[in-house]
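Colleague: I'd like a close look at the inside of this one, mainly the enclosed space and whatever packs around it. Could you walk me through it?

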Amino acid sequence: MACLTMVLGTPFLCSAQGQDVWRFDQTATVDGHTTKVLGHPQVVDTEIGKAVAFNGVDDALFFDVHPLAGATTWTWEMIFKPDADGKPEQRIFHLQSVDPATGTDVPNERMLFEIRIHDGQWCLDSFATAGGHSRTLLNCEKMHPFGKWYRVTAVYDGKMLHNYVGDELQGEGELELPAERPGRASLGTRIDLRDYYKGTVYEARFTRRALPVGEFLKLPAAK
């Protein structure tokens, strides 16, 4: 059952448990949200179940919802498998606030999952900004091999932003981040159609509190 709350005078719906799961096993809808499809992202069979594959050139999915709008603390998780032959900089998942008066994106009010590729491996880049404050967590001293599924996580506890690959902390930093306003999201590219992602995405989960590592999503077992 959904709940109704207000963010800067704008109503929006959120789950009663403060948690939403987006399972990417089709491209027409995700968790009840109708998608706008760019290019030809493909639903593929994988060892853990169906997932959506992006070509790194012009494939993307867009959603008319910011799933963490209104959250003052939050956890954002994604299960994905990047390809080794993608571009060096890739924006995978973008959550963006929109000005209700103009219908345009709010500058500097967004969250992102990104990766960088160096020497045949990848590292995680997480970013969040709102209210004139921002934090980038990029640590390419911790590199990860291709060819396997990963869960990446960003956690904001009201004072600090942390990010993880699996259960391993990648980076952390102080951040004073107000709740972001309702908006939209893109998967497979930055919302302004830059730095496309090449690889597969299985699932994402959005929680309106800071989860401890022990409560993070578990990678599904191979079928």
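By class, how many nonpolar, polar and charged residues are in the lining of the largest cavity?

Modeller: Sure: by class, that lining has 8 nonpolar residues, 1 polar and no charged ones. The classes put Ala, Val, Leu, Ile, Met, Phe, Trp, Tyr, Cys and Pro under nonpolar, Asp, Glu, Lys and Arg under charged, and the others, Gly among them, under polar. Before going on, bear in mind that this is a predicted model, where local features need pLDDT of at least 70, side-chain atom pairs count only at pLDDT 80 or more, and totals for chains, interfaces and linings use all residues. Residues are numbered from 1 along each chain as its sequence is written, and side-chain values use heavy atoms, with hydrogens and water left out.

Now the cavity itself. Searching the whole structure for cavities of 30 Å³ or more turns up 1, and the volume of the largest is about 30 Å³. Here a cavity is a set of points, on a 1 Å grid over the protein atoms alone, where a 1.4 Å probe fits but cannot get out, and lining residues have an atom within 4 Å of a point. Grid points join across faces, edges and corners, and the volume is the space filled by probe spheres set on them. Around it sit Trp74, Trp76, Met111, Leu112, Ser126, Phe127, Ala128, Ala154 and Leu161. The elements giving two or more residues to this lining are β9 (74-82), β11 (105-118) and β12 (121-130), with strands being DSSP runs of E, at least two residues, numbered from the N terminus. β12 gives the most, with 3 residues.

Some of those names come back in the packing. The largest nonpolar core has 41 residues, and Phe24, Trp74, Phe80, Phe93 and Trp122 touch the most other members. A separate core holds 6 residues, including Ile79 and Trp149. A core here means buried Ala, Val, Leu, Ile, Met, Phe, Trp, Tyr and Cys residues joined through side-chain atoms within 4.5 Å, and buried means under 20% relative accessible area, exposed over 50% and partly exposed in between, using a 1.4 Å probe and protein chains only. Leaving aside neighbours within four places in sequence, Phe80 has contacts (heavy atoms within 4.5 Å) with residues including Ile92, Trp122, Trp149 and Tyr197.

Next, the rings. The whole structure has 15 aromatic pairs. One of them is Phe24 with Phe93, where the centres are 6.3 Å apart and the planes at 65°, so this pair counts as edge-to-face. Phe24 is in the loop between β3 (19-23) and β4 (29-30), while Phe93 is in strand β10 (residues 89-98), so the pair ties together parts 69 residues apart in sequence. Phe24 is buried at 0% relative accessible area, and Phe93 is buried at 0% too. Phe54 and Tyr197 make a tilted pair, at 6.2 Å centre to centre and 50° between the planes. With Phe54 in strand β7 (residues 49-55) and Tyr197 in the loop between β18 (183-187) and β19 (198-207), this pair ties together parts 143 residues apart in sequence. Phe54 counts as buried at 3%, and Tyr197 is buried at 0%. For the cut-offs, rings of Phe, Tyr and Trp (its six-membered ring) pair if their centres lie within 6.5 Å; planes under 30 degrees apart are stacked, over 60 edge-to-face and the rest tilted.

To come back to where you started: Trp76, one of the cavity-lining residues, also belongs to a cluster in which ring pairs link Trp22, Phe24, Phe63, Trp76, Phe93, Phe113 and Phe206.

Conventions:
1 Å grid on protein atoms, 1.4 Å probe; cavity = no way out; pocket = protein on both sides within 12 Å on 5 of 7 lines; lining within 4 Å. Helix = DSSP H or I, 4+ residues; strand = E, 2+ residues; numbered from the N terminus.
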